[in-house]
Amino acid sequence: MPTWLVTGAEGMLGRELVALLHGVGEPVVPTSRAVLDVTEARAVDAAVSSIVRTAGGESQVRAIVVNLAAWTDVDAAEVDEPGARLVNVTGAANVARACRRAGARMIQLSTDYVFDGESDQPYAEDAPVAPATAYGRTKVEAEREVTDALPDTGVVLRTGWLYGVHGPNFVRTMVRMSDERPYVDVVNDQRGQPTWAFDLAERIVDVGRLLDASGIAGVLHATNSGSTTWYGLARAVFAERGLDPDRVRPVGSDRMPRLTPRPAYSVLGHDRWARIGLAPMRPWRTALAAAAPTVLSGD
Ligand SMILES: NC(=O)c1ccc[n+]([C@@H]2O[C@H](COP(=O)([O-])OP(=O)(O)OC[C@H]3O[C@@H](n4cnc5c(N)ncnc54)[C@H](OP(=O)(O)O)[C@@H]3O)[C@@H](O)[C@H]2O)c1
């Protein structure tokens, strides 16, 4: 059984992953920014080499580092790209190099924002990246740091449209608005794959076990299957809560101006899962129904 080290462990996905690892009885060292700042190379080195020792000695690779530490505020990254680059690129590079030195495996989280969002077909894992935002640029650079440092033992998991019980996210916002407002206007011209953080955490554990057992590497797309628009997702949230979905009204993005334009098309292809022996993640609508008792409660 590998020992896990999770950075950014107090974020939305981190809390889900750490709870899951505790639940399945795998040893995990969760680190928040206060405990381990990924921009500090020496601290990252010390933390990674210490779990490799805990995990059984440097000649025996039994450690998996999941780097969830990230600057995730897309609009703030546009205003302060160097700040976002420090966390997303330098941080990922520090973790990847520490893993290479210590002999640990690594899973890096990435995003649909690495693509331009102008396609009308799902982006394959090896489709050319063309980020249209500062956040996307930093995540592309982070991907390269990881795949360059760990060509045989580093996995990049791209995800998108994440929701869960922890932290602010679109689904939780819709739950609140469905309690507070008679009608909600939601954009209907951006398409993506709503992904439940719990499903993604399970997928990270599956990938970690494969990494530990046989060694896999490269880019995989970790989103729930199928696709919808934000409007479609909002309607599904209302329906799942037993409310009238017609209380959600479709609008164009031009009605909701934002500092950083969001990609119009963020659908990721899943072909590579078959090659490593895993099925794609379940359909987003099935996942939302499974998430309802926890994520869609009004508490
Ligand atoms: N949420 C999505 O829809 C989505 C979509 C695609 C990809 N992703 C990726 O998935 C990963 C996890 O996302 P998430 O939604 O869980 O993000 P999140 O809730 O924002 O969590 C990120 C965590 O990283 C921490 N952090 C920031 N700077 C750090 C540093 N220098 N050192 C250590 N920790 C630091 C943050 O701590 P503070 O709170 O103290 O800043 C926060 O706890 C990220 O790589 C993100 O890019 C997310």
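1. Two strands count as paired here if DSSP finds at least two bridges between them. In this predicted model, strand 4 (residues 105-111) and strand 5 (residues 154-159) meet that description, pairing in the parallel sense over 6 bridges. Within this pairing, Met106 stands opposite Gly154 of strand 5.

2. Strands 4 and 5 belong to an open sheet of 6 strands, whose order is 2-1-3-4-5-10 and whose pairing is parallel. The edges of this sheet are held by strand 2 (28-31) and strand 10 (218-221), and because each has a single partner strand, one side of each is left without a neighbour in the sheet. On average, and with direction ignored, neighbouring strands of the sheet are turned by 20° against each other.

3. Two helices deserve attention alongside this sheet. Helix 1 (residues 12-23) packs on the sheet and touches strand 1 (3-7), strand 2, strand 3 (63-67) and strand 4, while its direction makes about 165° with that of strand 1. Helix 4 (residues 81-102), for its part, lies across strand 3 and strand 4, and runs at about 160° to strand 4.

4. Turning to the ligand, 24 residues surround it, and the closest are Leu13, Arg33, Thr72, Tyr135 and Lys139. By residue class, this shell divides into 12 nonpolar, 8 polar and 4 charged residues. Helix 1, strand 4 and helix 5 (134-149) each supply at least two residues of the shell, and strand 4 gives the most, with 3 residues.

5. Several polar contacts to the ligand involve the protein backbone. A polar backbone atom of Met12 is 2.9 Å from an oxygen atom of the ligand, and a backbone N or O atom of Ala70 lies 3.3 Å from an oxygen atom of the ligand. At Val38, a polar backbone atom is 3.1 Å from a nitrogen atom of the ligand. On its own the ligand has 900 Å² of accessible area, of which the protein covers 79%.

6. A further open sheet should be described separately: it is formed by 3 strands in the order 11-8-13, and its pairing is mixed. Strand 11 (228-229) and strand 13 (265-266) stand at its edges, each with a single partner strand, so one side of each lacks a neighbour in the sheet. Strand 8 (residues 191-192) and strand 13 run parallel and are joined by 2 bridges, and the bridge partner of Gly192 in strand 13 is Ser266.

Methods:
Residues numbered from 1 in each chain as written. Predicted model: local features only at pLDDT ≥ 70, side-chain atom pairs only at ≥ 80, totals over all residues. Heavy atoms only, no water. Helix = DSSP H or I, 4+ residues; strand = E, 2+ residues; numbered from the N terminus. Axes fitted to C-alpha atoms, helices over the stretch in contact; angles between N-to-C directions. Contact = heavy atoms within 4.5 Å. Near = heavy atom within 4 Å. Polar contact = N/O pair within 3.5 Å; in protein donor to acceptor, adjacent residues only side chain to side chain. Areas by Shrake-Rupley, 256 points an atom, 1.4 Å probe, with all protein chains shown as cover. Nonpolar A, V, L, I, M, F, W, Y, C, P; charged D, E, K, R; others polar.
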